[in-house]
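Dear colleague,

I am handing over the structure below for your review. A summary of what was found in it follows.

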Amino acid sequence: MLVSHRREFIYTKTFKTASTSVEAYFEPYCLPPGETWTSAEKRDLYQGETGIIGQRTSGAWQQGYEWFDHMHAAQIKSQLAPEIWNSYFKFCVVRNTYDYLVSAFHFFTSRELDRYKPRFWNKLGRTLRGKNDTFDTWTRHSEQQLFRRWLRKGLYPAQDTQYAINGKYVLDYCIRYDCLLEGVAEVCRRIDVPFEPERLAQYHSGIRPKSQPLAAYYDEASVDFVRQRFAFEIETFNFKSPLEEAT
């Protein structure tokens, strides 16, 4: 998360949306002018007269920091003066929910989803496997079948807490993940800073395999589950399911 007093903006950080790349892009405007800055995946907490950069390390939310990367919008609001929250330009990045969930599945299981070897059976597999699974039947499950089980277990962070409070959308603008450069350019225009696309680094990419189209992960039942579980964001941003887009 970011708060810039220099350019009067607040950035809330969603999951699996190129959010670290966008955060790193805009964080120089939270620092004093002229301060040495290097784009990096991880970042220590910064808080000064010119702004705030939340602690950006694995599990920062569990470590007691006052400001950390994936803070909910309500948390950020509660720790800022009302005049700052109400007057600053507030934005984040959003991604089609169906696409986000497949990306999150691969990200959160990548260390164990290694062709369903025994360690996956012993760890995350304990959460996902069915009561009648044997190791032999487990290893024959497809990625898509495991994804659908993972989906129903709710093993993923919510997204609406980053841009809504008590079920009400509270930001001024959302960059669309599938139009990332255009969205970053629009934020630059609104906060009156140069658009420098070469500074937009890539972090946490390359984990999800490209061999399967998005629609292959879903069936009608899983689409209906997502539509109900994520109704607020699907309706707010008019996200389409991959089965709808395929037709």
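**The largest cavity**

Of the residues that line the largest cavity, five are nonpolar, two are polar and two are charged. Please note that this is a predicted model. The lining consists of Thr14, Val93, Val94, Arg95, Gln159, Tyr163, Glu233, Phe237 and Phe239. At least two of the lining residues come from β5, and at least two from α11 (231-237). The volume of the largest cavity is about 50 Å³, and the count of cavities of 30 Å³ or more is one.

**Helix α9**

Helix α9 covers residues 180-191, 12 residues in total. From its first C-alpha to its last, α9 reaches 17 Å, close to the expected 16 Å. Its buried residues are Leu180, Gly183, Val184, Glu186, Val187, Cys188 and Ile191. These buried residues pack against β2 (9-11), α1 (19-26), β5 (89-94) and β8 (173-176). As general background, residues three or four places apart in an α-helix point the same way, because there are 3.6 residues a turn. Just after α9, Asp192 has a positive phi of about 60°.

**Cysteines**

The structure contains zero disulfides. Cys30 is in no disulfide, and the nearest cysteine sulfur, that of Cys188, lies 13 Å away. Cys30 has 0% relative accessibility and therefore counts as buried.

Why does Cys92 not form a bond with Cys174? The sulfur of Cys174 is the closest cysteine sulfur to that of Cys92, but at 3.5 Å it is too far for a bond, since a disulfide requires sulfur atoms within 2.5 Å. Cys92 likewise counts as buried, because its relative accessibility is 0%.

Yours sincerely

Notes
Residues numbered from 1 in each chain as written. Predicted model: local features only at pLDDT ≥ 70, side-chain atom pairs only at ≥ 80, totals over all residues. Heavy atoms only, no water. Helix = DSSP H or I, 4+ residues; strand = E, 2+ residues; numbered from the N terminus. Expected span 1.5 Å × (residues − 1). Buried < 20%, exposed > 50% of the residue type's maximum accessible area, 1.4 Å probe, protein only. Contact = heavy atoms within 4.5 Å. 1 Å grid on protein atoms, 1.4 Å probe; cavity = no way out; pocket = protein on both sides within 12 Å on 5 of 7 lines; lining within 4 Å. Points joined across faces, edges and corners; volume = space filled by probe spheres on them. Nonpolar A, V, L, I, M, F, W, Y, C, P; charged D, E, K, R; others polar.
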